[in-house]
Number of protein chains: 2
Amino acid sequence: MTERRRGAALEKALLDAAWEELTVHGYAKFTIDAVVKRAGTSPPVLYRRWSDRDELVRAAIAHTLKESRLDIPDTGSLREDVLTLMREINATRVQLATVMIAHLAAYYQATGTRPSDLTDPLTTGRKEAVDTLFDRAVERGEVNPEHLTERIKSLPFDLLRHEFLTTFAPAADHALEEIVDTIFLPLVR
Amino acid sequence: MTERRRGAALEKALLDAAWEELTVHGYAKFTIDAVVKRAGTSPPVLYRRWSDRDELVRAAIAHTLKESRLDIPDTGSLREDVLTLMREINATRVQLATVMIAHLAAYYQATGTRPSDLTDPLTTGRKEAVDTLFDRAVERGEVNPEHLTERIKSLPFDLLRHEFLTTFAPAADHALEEIVDTIFLPLVR
DNA sequence: CCCCTTAGATAGATTTGCCTATCTTACTCT
DNA sequence: AGAGTAAGATAGGCAAATCTATCTAAGGGG
């Protein structure tokens, strides 16, 4: 260790290493020692910041969430907006969903509650993104606003999340189109 | 231990105890020793049947699946059939879904595959049940058969499963009705 | 009664991981 | 230069869990 890291740079390195461990070995096999080795640090450095293993896991997840915000597409058509966003989620969020469900299920079983400091990876920042999409669609006259319940707005993303949580893999592109064309769009028009 | 169990009775007792441990302490905290205590047995008895912890977990899940088959409702209306089935699933399957997702996510992260001997708790026996429901609805003229894609048929159950996997709790009854009345039924008519 | 199978009991080997205590030293600031 | 902070290094305590080896004896069958 020729150069010591400090402050935010060190913390980022620690959290990135923790995230790597979560994705390579999974939540169940996640160990402090592996993070120590991967980050080139020592145990007290981690324990000075996070009181235990689970706290580090959650911090790593939250860190990764913060680093991977999704852009809001604006294609001029609702179908393309929703498909573009779903494709982006599909391409980038499977691992996050897998890591999170493993942790959340275990946490829930241990405590009977959900950790308050984590929000769903497909939810974070999504409400605003989707609302923007729908506002534009309403202005373009593409949808009937009366059909835009919260549940219907979130439907494509719920179904995508469902795919992730039942297969741990991205959905096929034709599945995305099927969700949008045969379920979602008929409901909003 | 005044009376020794043998054969199927012993195996049922072992698997019931394993399931109890899964629901009380969760998958992550599941230990062979706790099952031994709960079942009033000894470690070699378990290892004579299941080669390791994970195999016992899967056997316990499969055993519980087999023991909890759902009846097919026949109310005379599609809405009531689907709602009745969803309510039954809602009342009885949350724990199963929670235990399974914890195990499946961990297994997937460790191996990159899904275990081949487990099927989804809401899938098992569901395809036939749902097809029967839909056959009757078609005969009654309640639905347009052209709208009955596989994805739409499974939609209410997918959304219910999604509820389970994101909250680890049963859905509110009004949510079930919302799913059926504002999403599912408009799509099949 | 005898033989065989295996349930239940128990001890043990081994490993692993979590977390803490302590020390040296790099680095920043005054 | 000196003081203070904390990064990096290392050793250690401890517990827990997994799984195996071995033994006794219950129970079934001939």
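Throughout these legends, two residues are in contact if their C-beta atoms, placed from the backbone, lie within 7 Å. This is a predicted model, so to speak for local features a residue needs pLDDT of at least 70, side-chain atom pairs count only at pLDDT 80 or more, and totals for chains, interfaces and linings use all residues. Residues are numbered from 1 along each chain as its sequence is written, while chains are lettered from A and ligands numbered from 1 in the order in which they are written.

**View 1. A:I101 meets its counterpart in chain B.** Leaving out neighbours within four places in sequence, A:I101 has one contact partner listed in its own chain, A:L165. Across the chain boundary, A:I101 is in contact with B:I101, B:A105 and B:L165. A:I101 and B:I101 are also among the residues with the most contacts inside the largest nonpolar core, alongside A:A18 and B:A18. That core has 103 residues; a nonpolar core here is a set of buried Ala, Val, Leu, Ile, Met, Phe, Trp, Tyr and Cys residues joined through C-beta atoms within 7 Å. Buried, in turn, stands for 20 or more other C-beta atoms within 10 Å of a residue's own, with exposed at 12 or fewer and partly exposed in between, C-beta atoms again being placed from the backbone.

**View 2. The side of chain A that touches chain B.** Here 29 residues of chain A are in contact with 29 residues of chain B. On the chain A side, α6 (94–111), α8 (150–167) and α9 (173–188) each chip in at least two residues, and α8(A) has the largest share with nine. Helices are DSSP runs (H or I, at least four residues), strands are E runs of at least two, and both are numbered from the N terminus. By type, this side of chain A splits into 16 nonpolar, seven polar and six charged residues. For that tally, Ala, Val, Leu, Ile, Met, Phe, Trp, Tyr, Cys and Pro count as nonpolar, Asp, Glu, Lys and Arg as charged, and the others, Gly among them, as polar.

**View 3. How one copy lands on the other.** A turn of 180° with a shift of 0.0 Å along the axis lays chain A on chain B with an RMSD of 0.0 Å, which is the relation of a two-fold axis. The same surface serves both copies, and 100% of the contact residues of chain A recur in chain B. The fit is by least squares on the C-alpha atoms of residues with pLDDT of at least 70 in both copies.

**View 4. Where the two domains of chain A touch.** Chain A has nine helices and zero strands, and its domain assignment (automatic or from a database) gives domain 1 (7–65) and domain 2 (70–188). Taken over C-alpha atoms, the centres of the two domains in chain A are 28 Å apart. Their contact takes eleven residues from domain 1 of chain A and twelve from domain 2 of chain A. On the domain 1 side, α1 (7–25) and α4 (53–67) of chain A each supply at least two residues, with α4(A) giving the most, six. That side of domain 1 of chain A divides into seven nonpolar residues, three polar and one charged.

**View 5. A:A39, tucked into chain A.** A:A39 lies in helix α2 (residues 32–39) of chain A. A:A39 counts as buried because 20 other C-beta atoms are within 10 Å. Not counting residues up to four places away in sequence, A:A39 touches A:A13, A:L14 and A:A17. A:L10 is 29 residues from A:A39 in sequence and 9.0 Å away in space, C-alpha to C-alpha.
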